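Thank you for making time for this. I would like to walk through one structure with you, going from the whole chain to a few helix contacts and then to some single residues.

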Amino acid sequence: MAPTEVNVQLKTLYAKRDRIYSRMQSISNRVGNLESLSAQETFLSEIETVDDLRTEFENVLDKIVSLEFKLNPALEIDYQPLSSLEDLLGRVRRAAKTLQSQPNDTKPANKYKSPKLPPIEIPEFNGDIKNWSLFFASFQNAVHNNCSLSESEKLYYLIGKLTGKARSVCAGITPCAENYLLIFDLLKNKYEDKRLVATSYLDQIFDLKAISSATPSNLEQFLDKFACSVAALKNEGR
């Protein structure tokens, strides 16, 4: 094997050796910060890999020693890096043993656990102006004002909830992150028209059909539709 090729392999192996050692060092550093329950859980999860790290480190070190010896047969073999890694491994194992032997009542308790709520479902919007207020309020609270979402993610949610006439509003606009606010504002300008909303609800009242038979069910259905339209009109007039 040519010296140049050996040097290339050694460079790769050195990088692997340093990566493994850095990983073990990171796990070892957690030993000094195990007060919280989350820190303990992270530490106990990470130590599941330490034996594999030790084996991988030794294998890499064997290959390094073998290649270095080919370049220089007089070189003194040094396994000190393995001893240093085993010192870290011993520290990690002692901490894990101590942690796992603690009775449950001495471990930090999670004083408050927030209830696990179902995911927020945003209603679809098909361009019916009467449904705009519900859609807009839901989308604004769950997506538009959510600082953890990027513009592209917000656009993804917005486009995914538009159907029919509402989707055609943005049909000619490129669906990219830079155009999210443009599409959002176009929808607001088109559907946040109180006069159109009021007209829509008035039409809904005028379109109510006369009760064909005065049964309790038919009467209840008529009153529900009438009351809903009136309440919506009052809400728009605030």
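Before I point at any helix, let me say what the word covers here: a helix is a DSSP run of H or I with at least four residues, and the helices are numbered from the N terminus. Please also keep in mind that what you see is a predicted model.

With that in hand, we can place L71, which is found in helix α3, the helix of residues 50-71. L71 has a relative accessibility of 39%, and because buried means under 20% and exposed means over 50%, it counts as partly exposed. Its C-alpha is 7.9 Å from that of V6, although L71 and V6 are 65 residues apart in sequence.

Let me step back to the chain as a whole. How many helices and how many strands does the chain have? There are 10 helices and zero strands, and the pattern along the sequence is accordingly one α after another, from beginning to end. Of the 238 residues in the chain, 28% are buried. If we take the contacts between residues at least 6 apart in sequence, 65% of them join residues that are at least 24 apart.

Now to the helix pairs, and here one general remark may help: two packed helices are described by the angle between their axes and the distance between the axes.

I begin with α2, which spans residues 37-46 and whose buried residues are A39, Q40, F43 and E46. These residues cover an arc of only 130° around the axis, and therefore they lie on the same side of α2. The general background is that an α-helix has 3.6 residues a turn, so residues three or four places apart point the same way.

Helix α2 packs with α4 at an angle of about 125°, and their axes are 11 Å apart, which means that α2 is oblique to α4. The crossing of these two helices is left-handed. On the α2 side the contact is made by Q40, F43 and L44, and on the α4 side by V92, A95, A96, L99 and Q100. Sorted by class, the residues of this contact are six nonpolar and two polar, with no charged residue.

Further along the chain we come to α5, residues 132-144, and α6, residues 151-160, whose axes come within 11 Å and cross at roughly 155°. Because angles over 145 degrees count as roughly antiparallel, α5 is roughly antiparallel to α6. The crossing in which α5 passes α6 is right-handed. Helix α5 brings F135, F139, V143 and H144 to the contact, while α6 brings K154, Y157 and L158. Here the classes are five nonpolar, one polar and one charged.

Staying with α6, which of its residues are buried? They are K154, L155, L158 and I159, and because they cover an arc of only 125° around the axis, they sit on the same side of α6. The partners against which these buried residues pack are α5, α7 (164-168) and α8 (180-191).

The pairing of α6 with α8 can be described in the usual terms, with axes that come within 9 Å and cross at roughly 40°, in a left-handed crossing. From α6, the residues E151, K154, L155, L158 and I159 meet Y180, L181, I183, F184 and L187 of α8. This contact has eight nonpolar and two charged residues, and no polar ones.

I would like to finish in the loop between α4 and α5, where E121 and I122 are both found. Is I122 buried or exposed? I122 is buried, with a relative accessible area of 10%, whereas E121, at 60% relative accessibility, counts as exposed.

Leaving out residues up to four places away in sequence, I122 touches F135, S138, F139, A142, V143 and K161. Among these, F135, F139 and V143 also belong to the contact that α5 makes with α6. From C-alpha to C-alpha, I122 and N141 are 9.8 Å apart in space and 19 residues apart in sequence. For E121 and A142 the corresponding values are 8.8 Å in space and 21 residues in sequence.

Methods:
Residues are numbered from 1 along each chain as its sequence is written. This is a predicted model: local features need pLDDT of at least 70, side-chain atom pairs count only at pLDDT 80 or more; totals for chains, interfaces and linings use all residues. Side-chain values use heavy atoms; hydrogens and water are left out. Axes are lines fitted to C-alpha atoms, for helices over the stretch in contact, and angles run from 0 to 180 degrees between N-to-C directions. Angles under 35 degrees count as roughly parallel, over 145 as roughly antiparallel, 65 to 115 as roughly perpendicular and the rest as oblique. A crossing is left-handed if the near helix is turned anticlockwise from the far one by less than a right angle, and right-handed if clockwise. Contact means heavy atoms within 4.5 Å. Ala, Val, Leu, Ile, Met, Phe, Trp, Tyr, Cys and Pro count as nonpolar, Asp, Glu, Lys and Arg as charged, and the others, Gly among them, as polar. Buried means under 20% relative accessible area, exposed over 50%, partly exposed in between (1.4 Å probe, protein chains only). The arc is that of the directions from the helix axis to the C-beta atoms.
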